[in-house]
Amino acid sequence: MGNPKIVGMAGSFSRPSKTRSLVRHVAELVSGRYGFDIAIYDMIDVGPSLGSALWRKQLDEKAQHVLQELVAADILIIGAPTYKGSYPGLFKHLIDLIDPHELKSKPILITATGGGNRHALMVEHQLRPLFGFFMAHTLPTAVYASDDDFLDYAVASEHLSKRIEEAVSEVDVFFPGRVPTREAAE
Ligand SMILES: Cc1cc2nc3c(=O)[nH]c(=O)nc-3n(C[C@H](O)[C@H](O)[C@H](O)COP(=O)(O)O)c2cc1C
């Protein structure tokens, strides 16, 4: 049997991207600690069909693939750049195309980035209720990072690393006692 799979979804359409980098960083830490496989996507991977799709069936193959990966993940790492105090509209549209039951009970580690700290609570006031709708298990610690926490798009601040570490340790509840198999660690 294969390893459980972490799917990281960054709601960003810029590359390089702090959000994508944060999502990857967190996913790699989770993988290193518990031995999961990783796939990371962003809005560029979803592609332009999303903007014109009113219904899921109107998405092209690329976008369908990403949505399928999101709903099939054993654990999701969500990352949203803050736009106007919330997540980007196009990211919400992607999530709107997921059926209500498809994320039920799924462990979700919430992250977000923003230019500053003014909207740090957007992880609690915007992202957490969004996944609460789906009755997903959002982990208690959400991670918010601002521009100052990155150096060349890489996680660089000590306090951010500590916060990430806290969130990563909360994954244990869902996969008790799990450690990397030799194969996953290599
Ligand atoms: C359209 C737009 C709106 C933004 N609104 C906010 C905001 O309300 N609060 C904030 O802290 N940063 C805001 N920002 C800054 C981004 O959230 C920040 O630079 C983010 O880390 C970008 O992530 P990325 O590198 O993944 O694209 C905004 C940026 C854009 C492009």
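Sorted by class, the shell around the ligand holds 11 polar, four charged and two nonpolar residues; here Ala, Val, Leu, Ile, Met, Phe, Trp, Tyr, Cys and Pro count as nonpolar, Asp, Glu, Lys and Arg as charged, and the others, Gly among them, as polar. This is a predicted model, so to speak of local features takes a pLDDT of at least 70, side-chain atom pairs count only at pLDDT 80 or more, and totals for chains, interfaces and linings use all residues. Residues are numbered from 1 along each chain as its sequence is written.

Of the 17 residues around the ligand, Ser 17, Thr 19, Pro 81, Thr 113 and Gly 114 come nearest (a residue is near a molecule if its C-beta atom, placed from the backbone, lies within 6 Å of it). Helix H1 (18-34) and strand S4 (107-114) each give the shell at least two residues, and H1 has the largest share, with three. Helices (H or I, at least four residues) and strands (E, at least two) are DSSP runs, numbered from the N terminus.

H1 turns up again in the protein interior. The largest nonpolar core (buried Ala, Val, Leu, Ile, Met, Phe, Trp, Tyr and Cys residues joined through C-beta atoms within 7 Å) has 50 residues, and Ile 6, Val 26, Val 30, Leu 76, Ile 77, Ile 78 and Leu 127 have the most contacts inside it. H1 supplies the largest share of this core, six residues. Buried means that 20 or more other C-beta atoms, placed from the backbone, lie within 10 Å of a residue's own; 39% of the 186 residues of the protein chain qualify.

Key:
A residue is buried if 20 or more other C-beta atoms lie within 10 Å of its own, exposed if 12 or fewer, and partly exposed in between; C-beta atoms are placed from the backbone.
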